[in-house]
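Student: Please pick one part of this structure and look at it closely. Then follow its contacts outward, step by step, and give the numbers as you go.

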Amino acid sequence: MTSAGDVLRSMGLPEGDLHSLPDSAKRFADAAQYRVEAPSTEGPECLRAVLEEADRLSVQVHRVSQGSGVFLHTDSELDEMAGIAARARVEVSLFARPNAGPHYNA
């Protein structure tokens, strides 16, 4: 049986994490080393659930994103998401799709 490490090694990649490498000295403006994003947060109910679970687990979420398209939400839902995120000091990324314009073939 071939292991994941064998496959990675055959591709010229490390077979596992390189814990011997030093941590990056680069930091965000607030001195944080990393950011946490919750993808596919589809609507205000999901946003509330993500933030409640993050609070329960003591995990700071910095950003949530929504991928199904901003046009699938009502103005009220978007306003609600903006308010929830502002109160939680969390960035929200809402994708501008699906597009309503004509589809062109290249």
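Tutor: S40 is exposed, because its relative accessible area is 53%, which puts it over the 50% cut-off. The model is a predicted one. S40 sits in the loop between β1 and α2. Its phi is near 55°, a positive value, and S40 is not a glycine.

A second serine has a positive phi. S58, again not a glycine, has a phi of about 55°. This residue belongs to the loop between α2 and β2. S58 counts as exposed because its relative accessibility is 69%.

From S40 the path leads to another serine. Which residues does S65 touch, once those up to four places away in sequence are set aside? The contacts of S65 are E37, A38, P39, S40, T41, S93 and F95. S65 itself lies in strand β2. Is S65 buried or exposed? S65 is buried: its relative accessibility is 5%, and the cut-off for that class is under 20%. Thus S40, at 53%, is exposed, yet S40 is listed among the contacts of the buried S65.

E37, another contact of S65, carries a charge pairing. In general, side chains of opposite charge can pair when their charged atoms come close. E37 forms a salt bridge with R63, and the closest N and O atoms are 3.6 Å apart. Because E37 lies in strand β1 (residues 37-38) and R63 lies in strand β2 (residues 63-66), this pair ties together parts that are 26 residues apart in sequence. E37 is partly exposed, with 40% relative accessibility. R63 is partly exposed as well, at 27%.

R63 has a further partner. It forms a salt bridge with E91, where the closest N and O atoms are 3.2 Å apart. This pair links distant parts of the chain, since R63 is in strand β2 and E91 is in strand β3 (residues 91-94), 28 residues apart. The relative accessible area of E91 is 43%, so E91 is partly exposed. R63 therefore has a salt bridge to E37 in β1 and one to E91 in β3.

Just before strand β2 comes H62, which is found in the loop between α2 (44-57) and β2. H62 counts as buried because its relative accessibility is 17%. Leaving aside neighbours within four places in sequence, H62 is in contact with Y34, R35, V36, V90 and E91. One of these, V90, is 28 residues from H62 in sequence, while the C-alpha atoms of H62 and V90 are 5.1 Å apart in space. Another contact, R35, lies over the face of F28, at 4.1 Å from the ring centre. As for ring-to-ring pairing, zero aromatic pairs turn up in a search of the whole structure.

How many salt bridges does the structure hold? There are seven. One of them is away from the strands, in helix α1, where D6 forms a salt bridge with R9 and the closest N and O atoms are 2.4 Å apart. Because D6 and R9 are three residues apart in helix α1, about one helical turn separates them. D6 is partly exposed at 30% relative accessible area, and R9 is partly exposed at 40%.

Helix α1 spans residues 4-10 and includes L8. L8 is partly exposed, with a relative accessible area of 30%. Together with V7, M11 and L13, L8 makes a nonpolar surface patch of about 330 Å².

To sum up the path: S40 is exposed in the loop between β1 and α2 and is in contact with S65 of strand β2. S65 in turn touches E37, E37 pairs with R63, and R63 pairs with E91. E91 is also among the contacts of H62.

Definitions and conventions. Residues numbered from 1 in each chain as written. Predicted model: local features only at pLDDT ≥ 70, side-chain atom pairs only at ≥ 80, totals over all residues. Heavy atoms only, no water. Patch = residues over 30% accessible without salt bridge, like charges linked within 9 Å, V, L, I, M, F, W, Y side chains within 5 Å. Areas by Shrake-Rupley, 256 points an atom, 1.4 Å probe, with all protein chains shown as cover. Salt bridge = Lys/Arg side-chain N within 4 Å of Asp/Glu carboxyl O. Helix = DSSP H or I, 4+ residues; strand = E, 2+ residues; numbered from the N terminus. Buried < 20%, exposed > 50% of the residue type's maximum accessible area, 1.4 Å probe, protein only. Phe/Tyr/Trp six-rings, centres within 6.5 Å; stacked < 30°, edge-to-face > 60°. Lys NZ or Arg CZ within 6 Å of the ring centre and 35° of its normal. Contact = heavy atoms within 4.5 Å.
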